[in-house]
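Trainee: I am new to this structure and would like a close look at one part of it, the side-chain contacts between charged groups and between rings. Could you take me through them slowly, with the reasoning spelled out?

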Amino acid sequence: MIMGNYLVLQTDFGLGDGAVSAMYGVAHMVSDDVVIENLTHDIPPYDIWVASYRLYQTVQYWPKGTVFVSVVDPGVGSQRQSIVCKTKSGHYIITPDNGSLTHIMHYQGLEEVRVIDEVTSRLPHSEESHTFHGRDIYAYNGARLASAEVSFEELGSVIETTSIEQLSMVDATIDNGILTGSIDVLDVRFGSLWTNIPLNSLQEVAIVHGDSLQVTIYHHGHKVYQNIMKFAKSFADVQVGEPLVYVNSLVNIGVAVNQDSFSDLYHIGTGIDWTIEVRKAPKIIFE
């Protein structure tokens, strides 16, 4: 495969200081031909789960050969490994081995994983720095790979894909017409809930747009929310302030409030401790 020149960066660093700019600078010192873009630098601090999800959300929409660097690294300087993987979709990801490949591995698959030698494959003269691997190892090697200064094979030795760190996940299920899944992440700016329940699960139980659905949300198994809402094609299908179920950009089920934040209104979080059930609402007969 011919390597592209795209290098896409993701961190939890924010843009309040010079950390991201330093990563850009190191990449450009490797090669001025590298085109650097941002996935996001607003991952919540230390939140490996969200970092993993944002890679899953984004990687498949970039050209094959694009190199991603994801640095959400609470274990920086410890014994955790630095790895580079080739995905089955033909993309490359350089990241700490701490679970940030969980969603990519689960939903899209990894073709090969290699361990990067943090002693030899790093920014020259950075040996005494142990807390900024995002600059010294990840951006540096990401630029080398994107510019074809090194090949994927030259970056490290092969390890079993099943040996890398994985976060716990909950698969979506169907039982007696009840769809159950997890609330994986938020549509951050708007506060909508993104679940791991795929659209085809609704189709399997003959749920169509316009149906009324009963939505129940649990936290650690305790019911924290229940309501009946419309399965809508778009937010405009319901009144402002009304809840709805919709299909998000990954063709999974989302839950939202038209022109408000569902997560803020009802104090709903994300991750495998937050589960959701969706079913056709029972008919209510008024006498």
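Mentor: Before we begin, a residue is called buried when its relative accessible area is under 20%, exposed when it is over 50%, and partly exposed in between. Please also keep in mind that this is a predicted model.

Let us start with the charged pairs, of which a search of the whole structure finds 6 that qualify as salt bridges. One of them joins Lys 86 to Glu 111, with 3.9 Å between the closest N and O atoms. This pair connects distant parts of the chain, since Lys 86 belongs to strand β4 (residues 82-87) and Glu 111 to strand β6 (residues 110-116), 25 residues apart. Lys 86 has a relative accessibility of 14% and therefore counts as buried, whereas Glu 111, with 49%, is partly exposed.

Another salt bridge is formed by Arg 114 and Glu 112, whose closest N and O atoms are 2.9 Å apart. Here Arg 114 counts as buried because its relative accessibility is 11%, while Glu 112 is partly exposed, with a relative accessible area of 24%.

In a further case, the side chains of Arg 135 and Asp 136 meet in a salt bridge at 2.5 Å, N to O. Asp 136 is buried, its relative accessibility being 0%, and Arg 135 is partly exposed at 25%.

Turning to the rings, the search of the whole structure gives 10 aromatic pairs. Among them is the edge-to-face pair of Trp 62 and Phe 68, whose centres lie 6.4 Å apart and whose planes make an angle of 90°. Trp 62 is partly exposed, with 23% relative accessibility, but Phe 68 is buried, with a relative accessible area of 0%.

Phe 262 and Tyr 266 also form an aromatic pair, and this one is tilted, with 4.9 Å from centre to centre and 50° between the planes. Both residues lie in helix α6 (residues 262-266), and because they are 4 residues apart there, about one helical turn separates them. Phe 262 is buried, at 0% relative accessible area, while Tyr 266 is partly exposed, at 33%.

Finally, you can look for a cluster in which ring pairs link Tyr 53, Tyr 56, Tyr 107 and Trp 194.

Terms used:
Residues are numbered from 1 along each chain as its sequence is written. This is a predicted model: local features need pLDDT of at least 70, side-chain atom pairs count only at pLDDT 80 or more; totals for chains, interfaces and linings use all residues. Side-chain values use heavy atoms; hydrogens and water are left out. A salt bridge is a side-chain nitrogen of Lys or Arg within 4 Å of a carboxyl oxygen of Asp or Glu. Helices (H or I, at least four residues) and strands (E, at least two) are DSSP runs, numbered from the N terminus. Buried means under 20% relative accessible area, exposed over 50%, partly exposed in between (1.4 Å probe, protein chains only). Rings of Phe, Tyr and Trp (its six-membered ring) pair if their centres lie within 6.5 Å; planes under 30 degrees apart count as stacked, over 60 as edge-to-face and the rest as tilted.
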